[in-house]
Amino acid sequence: EHIAMRNQLVYTDAMVQTKLFRESNVSGVISGTDGWLYYSSTLDDYQGRNVLPERELYNLANNFSIVQDYAQSKGMDFVMTIAPNKNTLYPENMPYYKSQVLNPDHSAQLLAPYLEDQNISYLNLFQLFQNQDEVLYLLRDSHWNMKGACMAYNSIMDMLELPHEDYADANPQLVKNENGDLNKMLYSFYGQLEENYDYGLVQEYTYEKENATVEDGWIVTNNSGGSGTLLMFRDSFANTLIPFFSNEFATACYSKGMPNALERFVETYNPDSIVIQKVERNISEYLEDAPILTAPTATLSTRRTVVKSDTTVQAEVCMNDVNYYKISGIVDSKRMRPNTEVLVTLNGTTYRAYLTGENGFHLYLKKDICTDASADLQIHAVTGSRYVQVLDTDLELPQ
């Protein structure tokens, strides 16, 4: 790392590999044709490898449904959306991997009808971007360009049914000043800049934290001319969304943290709107790392079957927030179908559980809900109108 002219040598090697041998010398970057670069971690999606099975697609929709139920119970609007991988929208410049596509289906696109079935407020950015005639992602970056960001921002605000500046009359100028993330990874400090759109946005907001940037994991902006409060759980695709949203909201909070500390932020900032934005390649994170919130309650049918099963359950203090218990377990596979929901009754109150893996579940409950050392617990597998009680036990709670 300390030899003379190291950066120049790294750049020279990268140029030789990509221009002469059409290969990337960086494992995280795929060198495509005509100067296009792609993120290597999107390759499984592109080739149709490890596509989520039907059960896990249902689980993801169930988990987002729980978040939406929580938000709506607090009087907040909710939208979730998935940013497409670049090679999902623009595969034409992928190199020889084209011949290795095993399955044209992608998990995020297969998820859409499951979200619709559970009435999730879902913005389908795949359809939105595919319906555009122009390329709205950067060639040497893994993200959308500013025109794509503006379109995503407008669509989210429309889904929230909020009045906003839509920049329809704007005349963005192409400026050659973009040094993309993949460009920097591959070509060190010497990669060629590319054009991006400049909307000439005037920053009407201020950062609550001095020297904050859009790369930070937690951001709060304030705007005296804005209205309402936004809470957005996001990844790097929202870096270019922040200027648009922060110019609209009086307060806007942006979090990259996983699992999302949703209830804690809701109680602190009392948002009017909650947005979840996640890139396609990472959407499955919401199976194991669903947002931390007190599970919504559910109505338990009085007509249910009681069975003996191998269902398991345990309780632990949530490692991400010690104010919560995390109750989790595995339901006997014989009682599970692709569309089976899990309900947990604790001391007479029934809660909806997040679903994980094929037959797993978990939920979060604040400790002040469960003040005793043990609780009376039942677990129910619900498929359509069929309710099956698969476990009845005394659950020991850690103190």
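**Exercise 1.** In which sense, and over how many bridges, do strand β14 and strand β18 pair?

*Solution.* Begin by locating the two elements in this predicted model: strand β14 covers residues 324-330, while strand β18 covers residues 360-366. Following the bridges between these strands then shows that they pair in the antiparallel sense, over seven bridges. As a check at the level of single residues, I330 can be found standing opposite G360 in β18.

**Exercise 2.** Determine the strand order of the open sheet that contains β14 and β18, and explain why one side of β13 and of β17 is left without a neighbour in the sheet.

*Solution.* The open sheet is formed by four strands, which read in the order β13-β14-β18-β17, and the pairing is antiparallel. The edges are taken by β13 (312-317) and β17 (354-356), and each has a single partner strand, so one side of each is left without a neighbour in the sheet. From one strand to the next, the twist averages 25°.

**Exercise 3.** Describe the largest pocket by its volume, its lining and the elements that contribute to that lining.

*Solution.* Start with the volume, which is about 610 Å³ for the largest pocket. Next, turn to the lining, which comprises 27 residues, with M146, E178, N196, N239 and T240 lying nearest the centre of the pocket. Sorted by class, this lining has 10 nonpolar, 11 polar and six charged residues. Finally, assign residues to elements: β5 (173-178), α8 (181-187) and β6 (194-198) each supply at least two residues of the lining, and β6 gives the most, with three residues.

Note on methods: Residues are numbered from 1 along each chain as its sequence is written. This is a predicted model: local features need pLDDT of at least 70, side-chain atom pairs count only at pLDDT 80 or more; totals for chains, interfaces and linings use all residues. Side-chain values use heavy atoms; hydrogens and water are left out. On a 1 Å grid over the protein atoms alone, a cavity is a set of points where a 1.4 Å probe fits but cannot get out, and a pocket is an open set with protein on both sides within 12 Å along at least five of seven lines; lining residues have an atom within 4 Å of a point. Grid points are joined across faces, edges and corners, and a volume is the space filled by probe spheres set on the points. Ala, Val, Leu, Ile, Met, Phe, Trp, Tyr, Cys and Pro count as nonpolar, Asp, Glu, Lys and Arg as charged, and the others, Gly among them, as polar. Two strands pair if DSSP finds at least two bridges between them. Axes are lines fitted to C-alpha atoms, for helices over the stretch in contact, and angles run from 0 to 180 degrees between N-to-C directions.
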